[in-house]
Amino acid sequence: MQTIQEYVEANKQRFLDELFDLLRLPSVSADPKFKGDIEKTAEFVAQKLKEAGADNVEICQTAGNPIVYGEKIIDPALPTVLTYGHYDVQPADPYELWDTPPFEPTVRDGKIYARGSADDKGQFYMHVKAFEYMMKNNVLACNIKFMIEGEEEVGSANLGTFVKENKEKLKADVIVISDTSMISLETPSLETGLRGLSYVEVEVTGPNRDLHSGVYGGAVANPATILAKLIASLHDENNHIAIPGFYDDVVELSQEERDELNKAPFEIEAYKKDLGVQELWGEEGYSTIERTGTRPTLEVNGIWGGYIGEGAKTVLPSKAYAKISMRLVPNQNSQRITDLFKKHFEAIAPKNVQVEVKPHHGGEPVVTPTDSVAYKAAEKALTDTFGVKPIPTRGGGSIPIVALFEEVLGLKTVLLGFGLNSDNLHSPNEKYGIENYLKGISTIPLFHKYYAALSK
């Protein structure tokens, strides 16, 4: 029997080649023109699960994109781990900001540059290859199920229905997800919480048509200007979100909890240098670590209106738009926050424009236990692989289905992520370290081994 390290080293190039083939498939869920590629990607994942040794592999159709399911039940008396991931990716736009084509994986300085490399193709595929090792070496210590979906980047609109209709199929003891990050390869960490999400689009309408800015400027309200003022008013002078009731349900951390979080290694100058900024910005009274993991936020994700083509066009636009996301913390509720935003935005709009708030999708914040068998198994596995005990952290991102799994399946989740915050998720030049990928494959079998042992 080969050790996992020997197996990874012997199969390193094949593991990379297979991931590259997966990354070449432009499985963008937000754009219908990629629907064919979504289908091809689901087929790819299903085939690789079969080759790794999974039984009952299915491509389960939904009202949207398909979900790939597979399982290996070696003994019903043993615990069962449900592995979740997603094969869909964010749009690669703007393409011109990529140094190399987003769907042609390129290795530079030990990192794989491609859309989806870290989020989440590289991370979920680690589980497929770890499963392959456990099957070929007869060391699978517990039952395993896979559920790999294709709509996470657009809010997992159909996953809830699938989960509710397939409770028996998805019956397990714990869920493991690798779609998060760690502090560094030198300082591994385990995320113990995720923020929720409320995502909206706003439309501001002024005149019934675009107008000549010389003839009408100064007499008619410009929707782009009004939108800018409305957005600017959503934060006060302390960068506190200025929506009445927004913080009513926020659970404040104790000073002890804050002190513990801030023990994580963080170099503010290196952080600023990496981002190319002179100063940081955020809610007064909180550290950067707290702002990005334990405090709610409101951010403009896109804003547009009027003429944005080459050259000049002196126009007063009829409409202006923005997409806005709000990250939420325990015990905030995404629907309540969406309602509060809509009510406030409509209330502060002047009478010289009309505004419409269109909710998109949302999800609830979650905190995962650090005293569970699964967490302890993940902690031991990471300690074995990296040589140091992982630090518990709070994640700034959102995986809305974690709360759904707990509500519908009654299952807690372990966030066993191997990405880095510097991986340019959702941005041009997304990347994922080859070492992160291979260490993930090496760690996952240890998690299964320890989970089965500690569950006895």
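Which residues does T100 touch, not counting residues up to four places away in sequence? In this predicted model, T100 touches T106, R108, Y113 and N429 under that condition. The sections below start with the whole chain and then return to T100 and to several other local features.

**Whole chain**

The protein chain holds 13 helices and 21 strands. Its radius of gyration is 23 Å, which agrees with the value near 23 Å for a compact globule of 456 residues. Along the principal axes, the C-alpha atoms fill a box of roughly 80 × 50 × 45 Å.

Of the 456 residues, 55% count as buried. Among contacts with a separation of 6 or more, residues 24 or more positions apart account for 79%. The exposed area of the protein chain is about 20400 Å², and carbon and sulfur atoms supply 49% of that area. The charged side chains comprise 47 positive and 66 negative ones. The centres of these two sets lie 2 Å apart.

**T100 and N429**

T100 sits in the loop between β3 (80-86) and β4 (106-108). With a relative accessibility of 17%, T100 is under the 20% limit and therefore counts as buried. Its side chain makes a polar contact of 3.3 Å with the side chain of R108, a residue that is also on the list of residues T100 touches.

Another residue on that list is N429, which is placed in the loop between β20 and β21. The contact of T100 with N429 thus links the β3 to β4 loop with the β20 to β21 loop. N429 counts as buried at 12% relative accessibility. Its phi is near 60°, a positive value in a residue other than glycine.

N424 is found in the loop between β20 (419-420) and β21 (431-433). Phi of N424 is positive as well, at about 60°, although N424 is not a glycine. N424 is partly exposed, with a relative accessible area of 28%.

**Cis peptide bonds**

A cis peptide bond joins D93 and P94, with omega at about -5°. P94 lies in the loop between β3 and β4, where T100 is also placed. The peptide bond from D119 to D120 is cis too, with omega near 5°. D120 belongs to helix α3 (residues 117-136).

**Around helix α11**

E379 is part of helix α11 (residues 373-386). At 17% relative accessibility, E379 counts as buried. Leaving out residues up to four places away in sequence, E379 touches L190, K389 and P390.

P369 is located in the loop between β17 (366-367) and α11. What is the relative accessible area of P369? The value is 25%, so P369 is classed as partly exposed. Aside from neighbours within four places in sequence, P369 is in contact with Y375 and K412. P369 and K412 are 43 residues apart in sequence, while their C-alpha atoms are 8.0 Å apart in space.

**Accessibility of the residues discussed**

| Residue | Relative accessibility | Class |
|---|---|---|
| T100 | 17% | buried |
| E379 | 17% | buried |
| N429 | 12% | buried |
| P369 | 25% | partly exposed |
| N424 | 28% | partly exposed |

Definitions and conventions
Residues numbered from 1 in each chain as written. Predicted model: local features only at pLDDT ≥ 70, side-chain atom pairs only at ≥ 80, totals over all residues. Heavy atoms only, no water. Helix = DSSP H or I, 4+ residues; strand = E, 2+ residues; numbered from the N terminus. Rg over C-alpha atoms; globule rule 2.2 N^0.38 Å. Buried < 20%, exposed > 50% of the residue type's maximum accessible area, 1.4 Å probe, protein only. Contact = heavy atoms within 4.5 Å. Areas by Shrake-Rupley, 256 points an atom, 1.4 Å probe, with all protein chains shown as cover. Lys, Arg positive; Asp, Glu negative; His and termini not counted. Charge placed at Lys NZ, Arg CZ, Asp CG, Glu CD. Polar contact = N/O pair within 3.5 Å; in protein donor to acceptor, adjacent residues only side chain to side chain.
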